[in-house]
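I've opened my notebook and want to see how the pieces of this one fit together. I'll jot things down as I look them up.

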Amino acid sequence: MSDSLNISYESILESISDGVFTVDLNWVVTSFNRAAEKITGISKYDAIGRLCSEVFKSNMCETACALRFTLQNGEPVINRTGYIINAKGDKIPVSVSTAVLYNDKGEIIGGAETFRDLSEIEALRKELKGQYRTGDIITDAPCMKKVLDLVPAIAASSSTVLIEGETGTGKEVYARAIHGMGERSKKPFYAINCAAFPDTLLESELFGYKKGAFTGADRDKQGWFSVASQSTLFLDEIGEISPQLQVKLLRILQENSFQPLGSTKSEKTNARIIAATNKNLKKLVDSGKFREDLFYRINIIKVELPPLRKRISDIPLLVEHFVNKFNIRQNRHIKGVTPEVLSILMAHSWAGNIRELENVVERAFALCSSDTIEKDLLSEDLLGNTGMYAQTGKLDAVKKLAQVSSVVAALKENNYNVPQTAKALGVHKTTLYRIIKKHNISVPSNND
Amino acid sequence: MKVLITVWNGRVSPVFDVAGEAEILELENDEIISRKGVPFPTDTFFNRVEFMLSEKISLLICGAISRQAEMTIVNKGITVHPFVSGDIEDIINALSQNKLFEMNFSMPGCGRRGRCQRHRRAGFNKK
């Protein structure tokens, strides 16, 4: 009878979608179900007999262990949230619940912990609230690593930031990551696209107005500089604002004060300004379209986001991310794209950058009736732009293309100076020489 | 060479990102010339990195670490040996005998050739 009960319990544990593990009184794992294996990426064989903290790897283990609380107080913990780190180094948000385990005599023999993977819920929550941290920026490219490395330092300061990058390179996501890591992260992030408003409307949006300031101003209205006074204000497409507004913006940046339309008094703001543009602001200054003094006020910390064509190795990661995202949104289970599709995507020039890639994946996703996105779901303009590696459709070729393209782009950017390029790519120069030799990449011989 | 090991209950702490204590060792010709236990900043990740840089740490030995955190630390010039588990004294002994990389101190699911080990970075002379 007891054996059959044990078998039933085990079958139940194996069939549920929540991870479950049990520990003895020495915190050693004594059982580990299939869902636990899936969520943690650790096999039952590896987990049993090891300390639970070293198996579970949660931020709760050291200071807020739910199992410890339960075994010390005899009370269960329900849905405590935290994260675990899986074998790949991914942070997986989880909720945990715990219970005490007793033997036949009523003695405590250990504890049980169930945990649920909240990745999907967390992804939806982030998307809805627009909260991002650097870990949410999908990248593995060396050129992006350099840019991401700056975020903690930028977040810790209150200086104005200028983000330059082509359209669709993720300027707002980057700005949100800065906000999310800084001391203002608990306050909302405000984003305004300066190109989306006519000049007069933009002025009233930014600075606000007093009742009677103009026809139709029947009440006072707060401007964004006032609303975001203790938070972060993201001014996208800053290069589009008129010379008149540039003067007012300069005053805000110099004096932290502004005057709402129709007001006789100045108001103070402590908003942290992050400006972004898809244009080269310095060139706009040179051509007289942007004030030089304002440029230097904005250009205190400048970050340049690389276009997608310079981070081709990120395309597989981004495609996987978008497929997952649409799976969650549309409750589907598409596994991904074929290697051939991936190679076509990696051969494309991506003038619209990540936004364009997302749209391409979304289109193919919507048209996909099987569990994998095939080549025929891509639009004609993509299919007409396949490179030599795209023809082969083999993963090795895709990887080679990514590596060669990244190296060639970096070499060009660094005037074929190999040590300098190696530094930019974050690899040792010997490694770069090996890659150059392996793929027969042409480098002018007078440069080293 | 200065080494920082995150510590919890006499073992390598399970998660770097929240570790509250550390041991700092100074090695010269594989001999430990100094050792001290220190509180490890827990307020922000940025402060952790700053702390390691101010202590001139060149090797970090830790348990699980998020990819982003590891990437940032490596980019600051610190070699990271992550997903290590075990008694801190055993780790230090192995380190002083230059056998840390030979002996298996991997966390569960991170065998010597397991996935977690891919995070190990070049730059540390393991001899």
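**Entry 1: getting my bearings**

I started with chain A and found that its secondary structure comes to 22 helices and 16 strands. I should keep in mind that this is a predicted model. Next I looked up burial: of the 448 residues of chain A, 46% count as buried. I also checked contacts in chain A between residues at least 6 apart in sequence, and 64% of them join residues at least 24 apart.

**Entry 2: a sheet in chain A**

In what order do the 5 strands of the open sheet run? I read off β2-β1-β5-β4-β3 in chain A, with antiparallel pairing. The edge strands are β2 (29-32) and β3 (77-85) of chain A, and each of these pairs on one side only. I looked up the twist too: on average, neighbouring strands in this sheet are turned by 30° against each other, ignoring direction.

Then I zoomed in on one pair. β3(A) and β4 (residues 91-102) of chain A pair in the antiparallel sense, over 7 bridges. Here I found A:R80 standing opposite A:V96, which sits in β4(A). A helix packs on this sheet as well: α5 (residues 66-73) of chain A touches β1 (19-23), β3, β4 and β5 (108-117) of chain A. The direction of α5 makes about 20° with that of β4(A).

**Entry 3: two helix pairs in chain A**

A reminder to myself: two packed helices are described by the angle between their axes and the distance between the axes.

My first pair was α15 (residues 315-330) and α17 (residues 353-367) of chain A, whose axes come within 10 Å and cross at roughly 50°. That angle makes α15(A) oblique to α17(A). I noted the crossing of α15(A) and α17(A) as right-handed. Which residues make the contact? From α15(A) they are A:L318, A:V319, A:F322, A:V323, A:K325, A:F326, A:N327 and A:Q330. From α17(A) they are A:I354, A:L357, A:E358, A:V361, A:E362 and A:F365. Sorted by class, the contact of α15(A) with α17(A) has 9 nonpolar, 2 polar and 3 charged residues.

The other pair was α21 (residues 418-425) and α22 (residues 429-438) of chain A, with axes that come within 8 Å and cross at roughly 105°. So α21(A) is roughly perpendicular to α22(A). On the α21(A) side the contact uses A:V418, A:P419, A:T421, A:A422 and A:L425. On the α22(A) side I listed A:K429, A:L432, A:Y433 and A:I436. The class count for α21(A) with α22(A) is 7 nonpolar, 1 polar and 1 charged.

**Entry 4: over to chain B**

I looked up α1 (residues 45-54) of chain B, which packs with α2(B) at an angle of about 30°, their axes 11 Å apart. α1(B) passes α2(B) in a right-handed crossing. The contact is made by B:F45, B:V49 and B:M52 of α1(B), and B:A69, B:T72 and B:I73 of α2(B). I counted 5 nonpolar, 1 polar and no charged residues in the contact of α1(B) with α2(B).

**Entry 5: where the chains meet**

Last, I went to helix α7 (residues 142-149) of chain A. Its buried residues are A:M144, A:K145, A:V147, A:L148 and A:D149. What covers the buried residues of α7(A)? From chain A, the cover includes α8 (151-156), α9 (171-181) and β14 (301-304). It also includes α2 (67-75) of chain B.

How values were computed. Residues are numbered from 1 along each chain as its sequence is written. Chains are lettered from A and ligands numbered from 1 in the order in which they are written. This is a predicted model: local features need pLDDT of at least 70, side-chain atom pairs count only at pLDDT 80 or more; totals for chains, interfaces and linings use all residues. Side-chain values use heavy atoms; hydrogens and water are left out. Buried means under 20% relative accessible area, exposed over 50%, partly exposed in between (1.4 Å probe, protein chains only). Helices (H or I, at least four residues) and strands (E, at least two) are DSSP runs, numbered from the N terminus. Contact means heavy atoms within 4.5 Å. Axes are lines fitted to C-alpha atoms, for helices over the stretch in contact, and angles run from 0 to 180 degrees between N-to-C directions. Angles under 35 degrees count as roughly parallel, over 145 as roughly antiparallel, 65 to 115 as roughly perpendicular and the rest as oblique. Ala, Val, Leu, Ile, Met, Phe, Trp, Tyr, Cys and Pro count as nonpolar, Asp, Glu, Lys and Arg as charged, and the others, Gly among them, as polar. Two strands pair if DSSP finds at least two bridges between them. A crossing is left-handed if the near helix is turned anticlockwise from the far one by less than a right angle, and right-handed if clockwise.
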